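Biologist: I should like to learn how to read this structure. Please begin with the terms and then turn to the cases.

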Amino acid sequence: MVNDDGNGTVGTHMAVAGRAATTAGTWATDRGTDARTAVTRTTGTTAAGAAEPGTARFDGTAATGGGQAAVGTALLLAAAPAGRGRAMDAASVLPALAAVPPAVLTGTTTATVVELADPLDPQTVLTRLRAAAASPGPLVVCLAGQLHLDRRQELPHLALARTTQATLRYTALPWHWLAGELGARPHGTTTVVADLVADPDVWQRLTAVPELLHLGPGPVLYGRVTPAPRRGEPATPDYLRAWAELWRSGARLPHATLHAEAAAGTAPATAESRFLAPAPPTAAAPQDPHPAILAAAMAGRHGEAAAVAAAWEHEALRRHGPHSAEAVHWTEVRADLARLAGEPARSCELWIAAAEARLALRQRPDDPDVEGAVDRAHHQWEQIADPARARALGPTLVALRRHVPGRQPGALAALTRRVG
C-alpha cells in the first residue's frame, strides 16, 4: 500500500491485514477537499463472491468470457456537514464498506474502489463521479448522507462538509447531477445503494412525489430515507452497514435480497423510514413519463420536472444516439419546460438546438416540426428581458430564420430590425 500525502514524499506501508494476497491498493489524500480516494484492484478469484469468468451475475449482467472478466468500479461516498448541521454520522459506515473485498462489491474478479469521506467541494465529487461513470464495467455506488431542498429550484441536494442552508446551491451536490452522470450508462450496469436522512422539506416532497429521487431508467436504486433526527442526535447509516455485513459474510445474494434483508433489520428501529427499490418486472407497456413531468411543471416544481426530463434525454441519447428524433424530442420537452419555468433565454436556446438538430436529420426547412421549433425560438427570444442575453442569441436566430422563414409574413424582417 502506498500513501501519497500530497507533499511530494511517498511512504510505503504493508498491505492491510486480512486482505487477500492478490490485493494491492493505493490511497491518495486530496488536500483541500478532505476526500480520500482508495483505488483497490483484485486479480484472480480469491475474493468471496467474485463471479467466475463467463458466468452470469445476480444483477442480470455477466462477466465476459475467454478468461477476461469485466473490471468493476465501486464508489463509496459518505458526506455530511460539519458542526451542528450534521444530521447523520455518514462516514462511520466507511470502515465497514472498506472491509468488503472489492470483487464482492462489484461482482467482478477485478475492481476499483474510490472512497470519498466528507468531501468539501461538489465539483470534486462530480469529477470523481464522472470518472467512475465512464468506466465500462459494472458500477456500484454506496452513498450515505443527508438531503436538503433547494427552495428556489425545488430540487434535493446531498449536503457536503461545508454545506449550510444558506449556501446549499453552491456547496452541496445536486441530486440531478447523479441522475445526469449515471443515467447515460447501459442498462443493468449500475446499482446505487443509498442510506439518507431528509430535512423536513425533502421529506414532505418525497411523501407527495415518491419518484423525487428517480435516477432515470438505467440505474437501479436501493435505499432507505428517514426524516432528519432532532438536533444533536445524528442518525447512523445502519441500512448501508447491514449491506456491508451481508457482503462480508461471503453470501452471493441478489441485490433485491440484500435490500430486503437490510430493510428488515433496520425497519423496527426507524418506523418512519421509506425504503426505495425498483418495481418488480412486469409485462405491461412502459409508463409514459410525460404526464408526470407536465404535472410537476404545472404545480411549480420546475426543477424536478427538468431533472426527470434530463434523465429521459440521457436515456434517449444512450439508446438512439445524439442525432436521433428521440433525442430531439426530449430537447423540445426541456425547451417547453424552460418556458413554463419563466426562463425564455434558456427556452430559446433549446428551441434553436432542436431546430438545428432536425435540419441535421435532413428534415426540410418547411417541415412543420422545423418551422414550429424556429417559431417558438423566435417567440421566446422576444420575451428575454436581459438585453445582453438577447443580443447574444440574436445572430444565431437570424441565421436560422433566413434558412427557415416560416409561414408568418415579415417574421425575418421584424427579427432583423430588432437585432439591429
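Modeller: Helices (H or I, at least four residues) and strands (E, at least two) are DSSP runs, numbered from the N terminus. Arg 362, for instance, is found in the loop between H12 and helix H13 (368-382). The model is a predicted one, in which local features need pLDDT of at least 70, side-chain atom pairs count only at pLDDT 80 or more, and totals for chains, interfaces and linings use all residues. Residues are numbered from 1 along each chain as its sequence is written, and side-chain values use heavy atoms, with hydrogens and water left out.

Biologist: How many helices and strands does the protein have?

Modeller: The protein has 15 helices and twelve strands.

Biologist: How is one to read the backbone angle phi at Arg 362?

Modeller: Most residues other than glycine have a negative phi. Arg 362 is not a glycine, yet its phi is positive, at about 70°. Glu 154, also not a glycine, has a positive phi of about 60°; Glu 154 sits in the loop between strand S7 (139-150) and S8.

Biologist: Is Arg 362 buried or exposed?

Modeller: Buried means under 20% relative accessible area, exposed over 50%, and partly exposed in between (1.4 Å probe, protein chains only). Arg 362 is exposed because its relative accessible area is 78%. Leu 317, in helix H10, has 33% and is therefore partly exposed. Ser 347, in helix H12, counts as buried because its relative accessibility is 0%. Buried residues make up 47% of the 420 residues in the protein.

Biologist: Which residues does Ser 347 touch?

Modeller: A contact means heavy atoms within 4.5 Å. Not counting residues up to four places away in sequence, Ser 347 touches Ala 335, Ala 338, Arg 339 and Gln 380. The side chain of Ser 347 also reaches the backbone oxygen of Ala 335 at 2.9 Å. With the same exclusion, Leu 317 touches Pro 322 and Ala 327. The C-alpha atoms of Leu 317 and Ala 327 are separated by 5.7 Å, and these residues are ten apart along the chain.

Biologist: How should pockets and cavities be read?

Modeller: On a 1 Å grid over the protein atoms alone, a cavity is a set of points where a 1.4 Å probe fits but cannot get out; a pocket is an open set with protein on both sides within 12 Å along at least five of seven lines; and lining residues have an atom within 4 Å of a point. Grid points are joined across faces, edges and corners, and a volume is the space filled by probe spheres set on the points. The second largest pocket has a volume of about 870 Å³. It has 33 lining residues, and the closest to its centre are Gln 153, Leu 155, His 176, Gly 303 and Ala 306. H10 gives the most to this lining of the second largest pocket, with nine residues.

Biologist: How many cavities are there, and what is the volume of the second largest cavity?

Modeller: The count comes to two cavities of 30 Å³ or more. The second largest cavity has a volume of about 120 Å³. Its lining includes Leu 155, Trp 175, His 176 and Glu 304. The elements that give two or more residues to the lining of the second largest cavity are S8, H5 and H10, and H10 gives the most, with four residues.

Terms used. Polar contact = N/O pair within 3.5 Å; in protein donor to acceptor, adjacent residues only side chain to side chain.
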